[in-house]
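Let's take a walk through a protein model together. Keep the picture handy and turn it around as you read.

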Amino acid sequence: MSNEEIEKPEVEASEQAETEASSETEKTTEQLLEEAQKQAEENWNQVLLARADLENVRRRHARDLENAHKHALDKFVNELLPICDSLELGLNAAKSESATLDAVRDGMSMTMKMLLDNIGKLGLEQVDPVGQPFDPELHQAVSMQPADGIEANHVISVMQKGYSFNGRLLRPAMVVVSQ
């Protein structure tokens, strides 16, 4: 055998080994590529799910907020319904032939008490400062008058009662103050 014949099989063997190694590398690269594509697809699906969840939360929040605005006064309105009924009964009673002024007054005072009790449940309080010292934070002086037996700067009478809601003054009481 010549040297050329001996070298050929060695070259062929090394080429065959390189081809096999290259083939294994290609398989590994293909497998890595497939795995990376699967992982990318899973990540993309997670992003889409997260976006959908976020959009659902936004819609739910908007719907809840809209419902809160629509139904914010339900409790207040329900508290006023018995007062409307009482006023209607009072008007019907005042129209009858047997109605007396005292009966109408009693009905009106009971309705007023019912109104104040019901709105008091909701946090609305009446400011009625007769006999109390004048407080510019709660009262608005309309006039000053001399008054016997009453100290200066005390409320003599109330022209219009004030109201506070949950501790915050809505309207000051309009008062007459002693000099």
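What follows is a tour from the overall layout down to single residues.

Before we start, keep in mind that this is a predicted model. Now for the layout: the protein chain has three helices and six strands. If you read along the sequence, the pattern goes α-α-α-β-β-β-β-β-β, so you can follow it with your finger on the picture. How much of the protein chain counts as buried? Of its 179 residues, 12% do, where buried means a relative accessible area under 20%.

Let's begin with helix α1 and look for salt bridges. Seven of them are counted in this model, and we'll visit a few. In one, the side chains of R58 and E55 meet, with 3.9 Å from N to O. Why can these two reach each other along the helix? R58 and E55 sit three residues apart in α1, so about one helical turn separates them. E55 has another partner too: its side chain forms a salt bridge with that of R59, at 3.7 Å from N to O. E55 and R59 are four residues apart in helix α1, which again comes to about one turn. How open are these residues to the outside? E55 counts as partly exposed because its relative accessibility is 32%, while R59 is exposed, with a relative accessible area of 53%.

Now jump to a salt bridge among the strands. Here the side chains of D128 and K161 meet, at 3.8 Å from N to O. D128 lies in the loop between β1 (124-127) and β2 (139-145), and K161 lies in the loop between β3 (155-160) and β4 (162-165), so this pair ties together parts that are 33 residues apart in sequence. D128 is partly exposed, with a relative accessible area of 38%, and K161 is also partly exposed, at 32% relative accessibility. Compare that with what happens back in the helix: salt bridges with shared partners join E55, R58 and R59 into one network.

Next, go to the end of α1 and look just past it. Which residues form a nonpolar patch on the surface here? They are L73, F76, V77 and L81, and together they have about 350 Å² of accessible area. L73 is found in the loop between α1 (3-70) and α2 (74-95). Is L73 buried or exposed? L73 counts as exposed because its relative accessibility is 56%, and the cut-off for exposed is over 50%.

Let's look for a pocket now. The largest pocket has a volume of about 280 Å³. It is lined by 15 residues, and G90, L91, V104, G107 and M108 are the ones that lie nearest its centre. Where does the lining of the largest pocket come from? α2 and α3 (101-121) each supply at least two residues of it, and α2 gives the most, with seven. As for the kinds of residue, the lining of the largest pocket has ten nonpolar residues, five polar ones and no charged ones.

Our last stop is about backbone angles, and it starts with a general point. Most residues other than glycine have a negative phi. That makes a good background for two asparagines. N153 has a phi near 60°, which is a positive value in a residue other than glycine. You can find N153 in the loop between β2 and β3, and N153 counts as partly exposed because its relative accessibility is 44%. N166 also has a positive phi, near 50°. N166 lies in the loop between β4 and β5 (168-171). Is N166 buried or exposed? N166 is exposed, with a relative accessible area of 58%.

To retrace the tour, start from the three helices and six strands. Find the network of E55, R58 and R59, then the nonpolar patch with L73 in it. From there, move on to the largest pocket, lined by 15 residues, and finish at N153 and its positive phi.

Conventions. Residues are numbered from 1 along each chain as its sequence is written. This is a predicted model: local features need pLDDT of at least 70, side-chain atom pairs count only at pLDDT 80 or more; totals for chains, interfaces and linings use all residues. Side-chain values use heavy atoms; hydrogens and water are left out. Patches are made of residues with over 30% relative accessible area and no salt bridge: like charges are joined within 9 Å, nonpolar side chains (Val, Leu, Ile, Met, Phe, Trp, Tyr) within 5 Å. Accessible areas come from the Shrake-Rupley method with a 1.4 Å probe; for residues, only the protein chains shown count as cover. A salt bridge is a side-chain nitrogen of Lys or Arg within 4 Å of a carboxyl oxygen of Asp or Glu. Buried means under 20% relative accessible area, exposed over 50%, partly exposed in between (1.4 Å probe, protein chains only). On a 1 Å grid over the protein atoms alone, a cavity is a set of points where a 1.4 Å probe fits but cannot get out, and a pocket is an open set with protein on both sides within 12 Å along at least five of seven lines; lining residues have an atom within 4 Å of a point. Grid points are joined across faces, edges and corners, and a volume is the space filled by probe spheres set on the points. Ala, Val, Leu, Ile, Met, Phe, Trp, Tyr, Cys and Pro count as nonpolar, Asp, Glu, Lys and Arg as charged, and the others, Gly among them, as polar.
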